[in-house]
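This report introduces one structure to a reader who has not met it before. Please look over the sequence and the model before reading on.

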Amino acid sequence: MFIVVNSLLFTSRFSSATDTLTSTQSLADGGTLISKHGSFELGFFSPGSSRNRYLGIWYKNIPVRTVVWVANRRAPTKNSTALLMIDIKGNLVLKDGGSLVWSTNSKREVQTPLLQLLDSGNLVLTDASDGHSGIYLWQSFDYPTDTLLPGMKLGVNLKTGFDRRLTSWKNWDDPSPGDFVWKILVHNNPEPTMWKGSKLYFRSGPWNGITYSGTPQLKPNQVFSFNFVHSDDEVYYTYYPKNKSVISRFVMNQTNYLRELYIWDEASQSWSLFLYLPTDYCDRYGLCGAYGNCIITDSPVCQCLKGFNPKSPDQWNSGDWSQGCVRNKSLNCQDGDGFIKFTELKLPDTKYSWVNKSMSLEECRGKCLNNCNCTAYSVFDIRNGGSGCALWFNDLIDIRQIPSSGQDLYIRMSASELARLETEKDEPDEKIVAIVIPAIVLVFAFFVVCYYFCQRRLIKLKDENEIDGSDQSSEEDLDLPLFDLVTISHATNKFSLSNRLGRGGFGPVYKGILADGHEIAVKRLSSNSGQGLKEFKNEVKLIARLQHRNLVKLLGSCIQGNERMLIYEYMPNKSLDFFIFDRTGGKLLDWSNRFNIVCGIARGLLYLHQDSRLRIIHRDLKASNVLLDADMNPKISDFGMAKTFREDQTEGNTKRVAGTYGYMAPEYATDGLFSVKSDVFSFGILILEIISGQKSRGFYHPNHSLNLIGYAWRLWKEGSPLELAALIILDSCHVSEVIRCIHISLLCVQQHAEDRPSMASVVLMLGSETALLPQPKEPGFFKDKGPTEAESSSSNHVSWSTNEISVSVLEAR
């Protein structure tokens, strides 16, 4: 035996690695098996700071050792003398000093057993005489530890009762089973569950043909396929990456009690979190008790379903919802019960349920109605308009609202309760009528008055502008060259349409070529733009003092008669909106370009807020105000709305709100309050637009009324942020960078200004893969009524914390 062991060790060290072990060989501590194409490695290791030795499998080509399977997790060895071999009965055994530490306990004896490590990460024991039959005497995929790899099954063999489940490590140093478990509960309508010890912690909801009703983030996407199989022989869950080159793993994280899906990011050489479960407070099993509905956007989050009231009002109002809700009217099966349809729900716990895969919805209703113990029904499979039947026979528990992704549930109600609810629906509340009609009259009167005064104000401003536009004003020193009108007219071919590049907030922009061949961009102030000489001079003076590679360079101005123009350096690639909102243009911006643009805008804003001689608030940051040079470097432009602060000044307010809806921060749009955090909000919107290729204000999803912010927020909370990304960038992106940018954007668009980071923090977060980011709070303006175009607006004590708080997201091994 000594000769055999040393022979194998000598071979593994000095010649090509092997992926197999025969009955005449053994594997000692220090030797390894490596799968055929070098994906996985089997050997001995010590986790964390422990000195115990374990036999395990880990990724071969990933620099951070990531263990995916442990053989002897309950029985470590204390030294390096253990041997892995195949005994005379064909069992794989691990021995230490002659003592049996671990074995496979295979029932079948074979003459030519062969152990092989596959590139899937599966360690298999086969009969070599069977050739490549694919029949395994034993496989590690049947005995998972804390990790689910692509192709592994999580579930139960219904014939033998064999149960494949994941159990977390006890801690970083100890791979023995912890108390965090992921398994499938088998009953008529099986569903995956997670447990903390003996307590049910999270339930995915039943499979609906596409995904689980409570975890819409696990529906098929551009990266993964998720599958659930329920046959007469077995029930199991599995997943696969659509691109075989994607390295991924589900892992049970004992530290934070999350099931996490990671993707290996080659660029950053680190694991990138793709999604996690549970995602929020409402995912806690049975949080709201029987007939309680958890709505994460409400306060409190638990609400009784229509037709129900808290069982214990005092406990309910104190925040203890465990006793749930009870019916307003008891069921009376003999008097003709009926059903109320509830929409967008996670379906209740299916422990006491029954399914039929062929029934229609109407047949399902009849089946439930004829059984006095039936409390609710739903379609079994939502594909192709819905099919099959699921019935519930007990109190309905663990329900939550899932906007746009939840399912319909028909809950049984007494005839008297149905009549009462129907009466409430048909008869308008007299109090509401008494309030609403006078309110409509007052609002109408208010708008009439506002219109009158706005018209007077516009006339006054126009008169002031005409006075300000005198030649005397043009003589004021603006610290920049003054171009004469003839020169600019000649350069732009008399402002011809063929030279027109686009239109800014205050007028058209033309391309021009000076006599010396120098290309320029000319912003010509429109006479009805609303920008007077005051705003014009403001823009000239501001830009003249600004010198930064991510700010547009002002070459001069022209003030002659009624003409007022700004002359900029020419940007051959126009503005950002020409690319990100256009299908053809979007193809020219891969992820590298987009990320560079995001970082450039961030640096430009940081200069305005902190590094320039004046603290400047842009107030109108948007895609059309970001120009791109020949190398696609971004340059912030259009400072007509900008405000300057003294070094010790941090906030301001105005009665004349000016900017672009869809980019304005809530406190600015509603109350006229602005600060550097107003620009941070606009920057967050820009990131979302750059990643998604969708306009913030014009975005509309047919399945919900959320705008772009709301859609990004919903995907983030569901653990599926990558679904926001435009398809065009998915092939070229670094997943971790995209998710990080979405994370940063949601921090920037938080409702309250004090919660948003400073641009200094944003630049730091963008430039560091290791910087820890806090979890974002609810964003501002995340709900919308429907599609509407972006528009500009001109009409009528914000403070923030400079202490940036870092919250660590604890990553599993």
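The paragraphs below take up a sheet of strands and then a helix with one of its residues, all in a predicted model.

**The sheet**

Five strands make up an open sheet, in which the order is S35-S36-S37-S39-S38 and the pairing is antiparallel. Its edges are formed by strand S35 (500–503) and strand S38 (554–560), each of which pairs on one side only. On average, and with direction ignored, neighbouring strands of this sheet are turned by 25° against each other. As general background, the strands of a sheet pair through backbone hydrogen bonds, in either a parallel or an antiparallel way.

Within this sheet, strand S37 (residues 519–524) pairs with strand S36 (residues 508–513) in the antiparallel sense over five bridges, and S37 is also joined by five bridges to strand S39 (residues 563–569), again running antiparallel. The table sets out individual residue pairs from these pairings.

| Residue | Residue opposite or bridge partner |
|---|---|
| Ile 513 | Glu 519 in S37 |
| Lys 511 | Ala 521 in S37 |
| Ala 521 | Tyr 568 in S39 |

Ala 521 therefore has a bridge partner in S36, where Lys 511 lies, when pairing is judged by DSSP bridges, and Tyr 568 is the bridge partner of Ala 521 in S39. The hairpin of S36 and S37 has five residues between the strands, and in this hairpin Gly 517 takes a positive phi near 90°.

**The helix and Asp 679**

Helix H13 has 17 residues and reaches 25 Å from its first C-alpha to its last, which is close to the 24 Å expected at 1.5 Å a residue. Because 17 of the 17 residues of H13 are buried, the helix is largely enclosed by the rest of the structure. Just after H13 comes Gly 693, which takes a positive phi of about 75°.

Asp 679 lies in H13, which covers residues 676–692. What is the nearest side chain of opposite charge to Asp 679, and how far away is it? That side chain belongs to Arg 619, which is 7.5 Å away, and Asp 679 is buried yet has no salt bridge. When the neighbours within four places in sequence are left aside, the residues in contact with Asp 679 are Leu 605, His 609, Ile 616, Ile 617, His 618, Arg 619 and Leu 621. Arg 619 is thus listed among the contacts of Asp 679, although Asp 679 has no salt bridge.

Methods
Residues are numbered from 1 along each chain as its sequence is written. This is a predicted model: local features need pLDDT of at least 70, side-chain atom pairs count only at pLDDT 80 or more; totals for chains, interfaces and linings use all residues. Side-chain values use heavy atoms; hydrogens and water are left out. Helices (H or I, at least four residues) and strands (E, at least two) are DSSP runs, numbered from the N terminus. Buried means under 20% relative accessible area, exposed over 50%, partly exposed in between (1.4 Å probe, protein chains only). Lys and Arg count as positive and Asp and Glu as negative; His and the chain ends are not counted. A salt bridge is a side-chain nitrogen of Lys or Arg within 4 Å of a carboxyl oxygen of Asp or Glu. Contact means heavy atoms within 4.5 Å. Two strands pair if DSSP finds at least two bridges between them. Axes are lines fitted to C-alpha atoms, for helices over the stretch in contact, and angles run from 0 to 180 degrees between N-to-C directions. The expected span of a helix is 1.5 Å times one less than its number of residues.
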